[in-house]
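Dear colleague,

Please find below the sequence and structure that I am handing over to you. My notes on what was found follow directly after.

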Amino acid sequence: MTIAPPALSVFETLESEVRSYCRSWPAVFDRAQGSRLYDEDGHAYLDFFAGAGALNYGHNNPVLKRALIDYIERDGITHGLDMGTTAKRAFLETFQNVVLRPRDLPYKVMFPGPTGTNAVEAALKLARKVKGRESIVSFTNAFHGMSLGSLAVTGNAFKRAGAGVPLVHGTPMPFDNYLDGQTPDFIWFERLLDDQGSGLNKPAAVIVETVQGEGGINVARPEWLRALAELCKRQDMLLIVDDIQMGCGRTGAFFSFEEAGITPDIVTLSKSIGGYGLPMSLCLFRPELDVWEPGEHNGTFRGNNPAFVTAAAALEAYWADGQMEKQTLARGEQVEAALRAICLEHDQLGASYRGRGLVWGMEFEDPGQATKVCRRAFEHGLLLETSGPRSEVVKLLPALTTTPEELDEGLRILARSVRETA
Ligand SMILES: Cc1ncc(COP(=O)(O)O)c(C=O)c1O
């Protein structure tokens, strides 16, 4: 497939230079179904990015679409501030019955605003309020969002520089394997906590991703996560798991921390919780942490009722039985086998792969190679993005509903793109 870039368009003349994904994929998209998008000229693209993890159930999923159309057609509430609505009640009941209760998770649910960074801001604010301390520990290569509080616990130097003000009260620690296993886990962190001369203010909380999505698909080992949870308990710090990208089944289980058998104090969820790609986010916390005063953390768009409808429909359709997790793990094995074969075929590129469930990354010795591969994949009709501090990792994030045949098709395009750019 050869795709001509669109003529100088209103995107280039009017839209800000800050736009980004449209630069990687120079097409004008018009419609989408499942794992495929179509541009206005009718070219089809297989989507291995899934709205950066916001479309775990695919584009315009028919089950969710039906629920949404029915709701809109009967003039269900669209905008609801944080009023009580039937849609919100149905979502909360479904979330409790399908997600929280079967996992024995005691959380209360807060609607902090529509995007992921809203949930992170709420989590940080709550942790500080509960503990009466301002310092938060994050990890190298973490990504938690673009608003100032979230940016202060984000690693990427380019993104941090955009803040324009000092980013304070965040301290980075080495993520799992950051030091290539040369030192015992958390030896530096705990030493700083125990040493009155270390200069580290006692943190209110630690915020962590179980798999760093934007940071390069860095997978924390379950034992590392368990040791972190124990450290937090020992040192009286709250543990926040940011499950915005890796939650909602991306790694297999509904929450990515389930595999490690830990129960974080606070969890942030967004992206695919709305099910249909509609903005929605949640901050979950242990009931004893619910020290908010009414209205103390507020916002106009905390009640996206159409998202409550599609969120509840997604939970009913995909999580009421245990099938989704098994399916994701099986499809993940399919991806892993293909990546292993590509790495073996191109030994000279020094390629390696890593991942869990349906999130995978492929890294090359030459950091520029990942961008070349993604560009070539686009020319062959596959949407892929890079991740990592130097965009050195090809990131695979297909919808969880992608069929084995579609996965195979995309993986063959990936193999071809690596071969052609080697
Ligand atoms: C782990 C994590 N936290 C927070 C965010 C921020 O979410 P949003 O872009 O919706 O503000 C992201 C976005 O990629 C993320 O991956």
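**Salt bridges**

Arg66 is partly exposed, its relative accessible area being 45%. Please bear in mind that this is a predicted model. The partner of Arg66 in a salt bridge is Asp70, and their closest N and O atoms are 3.1 Å apart. Asp70 is likewise partly exposed, with a relative accessible area of 39%. Both Arg66 and Asp70 belong to helix α4 (residues 62-73), where they sit 4 residues apart, or about one turn of the helix. In an α-helix there are 3.6 residues a turn, so residues three or four places apart point the same way.

A second salt bridge is formed by the side chains of Arg419 and Glu345, at 2.9 Å from N to O. This pair links distant parts of the chain, 74 residues apart: Arg419 lies in helix α14 (residues 404-421) and Glu345 in helix α12 (residues 323-345). Arg419 counts as partly exposed at 44% relative accessibility, and Glu345 is partly exposed with a relative accessible area of 41%.

Glu363 and Arg354 also meet through their side chains in a salt bridge, with an N to O distance of 2.7 Å. Arg354 has a relative accessibility of 23% and therefore counts as partly exposed, since buried means under 20%. In addition, Asp176, Asp185, Arg221 and Glu223 are joined into one network by salt bridges that share partners. The count for the structure comes to 24 salt bridges.

**Helix α6**

Helix α6 (residues 116-131) contains 16 residues. From its first C-alpha to its last it reaches 23 Å, which is close to the 22 Å expected at 1.5 Å a residue. The buried residues of α6 are Gly116, Thr117, Ala119, Val120, Ala122, Ala123, Leu124, Leu126 and Ala127. Gly132, just after α6, takes a positive phi of about 65°.

**Pocket and cavity**

The largest pocket holds about 1500 Å³ of space. Its lining is made up of 44 residues, of which Ser20, Tyr21, Phe143, Lys159 and Glu214 are the closest to its centre. The elements that contribute two or more residues to this lining are α2, α3 (50-53), α6, α8 (157-161), α13 (369-379) and β16 (385-387). Helix α6, described above, is thus one of the elements lining the largest pocket.

A search of the whole structure for cavities of 30 Å³ or more finds 1. The largest cavity has a volume of about 50 Å³. Among the residues that line this cavity are Phe111, Pro112, Gly113 and Pro114, together with Pro279, Met280 and Ser281. Phe301, Arg302, Asn304 and Phe308 also belong to the lining of the largest cavity.

**A nonpolar patch on the surface**

Val10, Phe11 and Leu14 make a nonpolar surface patch of about 310 Å². Leu14 is located in the loop between α1 (10-13) and α2 (21-24). With a relative accessible area of 70%, Leu14 is exposed, because the term applies to values over 50%.

With kind regards

Terms used
Residues numbered from 1 in each chain as written. Predicted model: local features only at pLDDT ≥ 70, side-chain atom pairs only at ≥ 80, totals over all residues. Heavy atoms only, no water. Patch = residues over 30% accessible without salt bridge, like charges linked within 9 Å, V, L, I, M, F, W, Y side chains within 5 Å. Areas by Shrake-Rupley, 256 points an atom, 1.4 Å probe, with all protein chains shown as cover. Salt bridge = Lys/Arg side-chain N within 4 Å of Asp/Glu carboxyl O. Buried < 20%, exposed > 50% of the residue type's maximum accessible area, 1.4 Å probe, protein only. Expected span 1.5 Å × (residues − 1). 1 Å grid on protein atoms, 1.4 Å probe; cavity = no way out; pocket = protein on both sides within 12 Å on 5 of 7 lines; lining within 4 Å. Points joined across faces, edges and corners; volume = space filled by probe spheres on them.
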